[in-house]
Amino acid sequence: MAEPEQLVVEAQRQAAAATTLDELSKVRTTVSGKRSPLVAARKALGGLDPEARREAGQALNAAKSAIDEVLASREAELAAAARAEKLAAERLDLTEVTEQPANGHLHVITQTWQELEDVFVGMGYRVAEGPEIESEWYNFGALNFPLGHPARDMYDTLYVDYGEPGSTLLRTHTSPVQARVMENQKPPIYVVAPGRCFRQDTADATHMPVFHQIEGLVVDRDTTLGDLAGTIEAFTAAYFGPGFTSRLRPSYFPFTEPSAEFDIQRPDGTWLELGGCGMVHPNVLKACGIDPEQWQGFAFGFGIDRLALIRFGIDDLRELWTNDVRFLEQF
Ligand code: PHE
């Protein structure tokens, strides 16, 4: 029968020779499993007399502990080595970015929209919003378009199949936001309202059935047509830059009196028609609960999309809606 110390030495030798956890597990079976010399020696204890059995039993127990320890410490070594190897294999080098990720940017219309807001906010205006699906009242009624008035036909209105026929529509301009703001705020009022509008129109290079406008509304004491002209001029200089000027031409809108179209003159002398404007009609102030004897106002509205075209030198409105990234990336 092998000496207990020998069993320990043998276990040490085999454990040290194991280079993987699998190999070590086989060593464990060999040195301490059911068929190991250690277990055989224990079984043989039964044949000894009590005194000798006690002594040999203690020696075997000590050997068993020593062998367990040898196996445990070799296992820890091999496990640590295996983990280190796995980490090395899975290591990701995050410091080595060879290609810059592509950065997106805002759409041409959004950029223009935000620049316009910035210019007006810089002039002391606040930004207001209204719904795109609007009632007949805000889009027309409150704006002094009586029912059946021919001016309603100027707007190729898209009606929504909701409520009474003709009662609900896709707003044809941002002017209904004027009425909503006046109903909800006490003057003095200085707001701009950018947003999406809709008209029955066939898409071509200069028209889209969906488009964007920005509305301006001022209601204050002693507001005059001179203030309106000065505001348009200040906006023109601020947005387009030096060399650009503006002019007003008489026009007609039911919700302003007098009404005008405003044009921008480019440095090369050519004119560009931008939008409509005028002094808020007293009937509109009244419809929104504001006393026209005490307050006067002016309003203006113009398209954002065509401004974007000019700004970025694009010649077809439809390009702004196709959303081909290869095209939009250029701006
Ligand atoms: N809402 C008018 C349009 O879309 C423009 C406008 C706005 C005119 C404000 C006067 C005052 O045609």
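Me: Before the ligand, what counts as a polar contact here?
Reply: A polar contact is a pair of N or O atoms within 3.5 Å; within protein, one must be able to donate a hydrogen and the other to accept it, and residues adjacent in sequence count only if both atoms are side-chain atoms. This is a predicted model, where local features need pLDDT of at least 70, side-chain atom pairs count only at pLDDT 80 or more, and totals for chains, interfaces and linings use all residues. Residues are numbered from 1 along each chain as its sequence is written, and side-chain values use heavy atoms, with hydrogens and water left out.

Me: OK, how far is Arg199 from the ligand oxygen?
Reply: A polar side-chain atom of Arg199 lies 3.1 Å from an oxygen atom of the ligand.

Me: And Ser175, which ligand atom does that one face, and at what distance?
Reply: For Ser175, a polar side-chain atom lies 2.8 Å from a nitrogen atom of the ligand. Tyr155 has a polar side-chain atom 3.5 Å from a ligand oxygen.

Me: How many residues surround the ligand?
Reply: There are 15 (a heavy atom within 4 Å), the closest being His173, Ser175, Arg199, Gln213 and Glu215.

Me: Which strand gives the most to that shell?
Reply: E9, with three residues. Strands E5 (210-220), E8 (271-280) and E9 (296-303) each supply at least two (strands are DSSP runs of at least two residues, numbered from the N terminus).

Me: Different topic: how is the chain divided?
Reply: Into domain 1 (4-90) and domain 2 (108-328), with bounds from an automatic or database domain assignment. Their C-alpha centres lie 89 Å apart.

Definitions and conventions: Helices (H or I, at least four residues) and strands (E, at least two) are DSSP runs, numbered from the N terminus.
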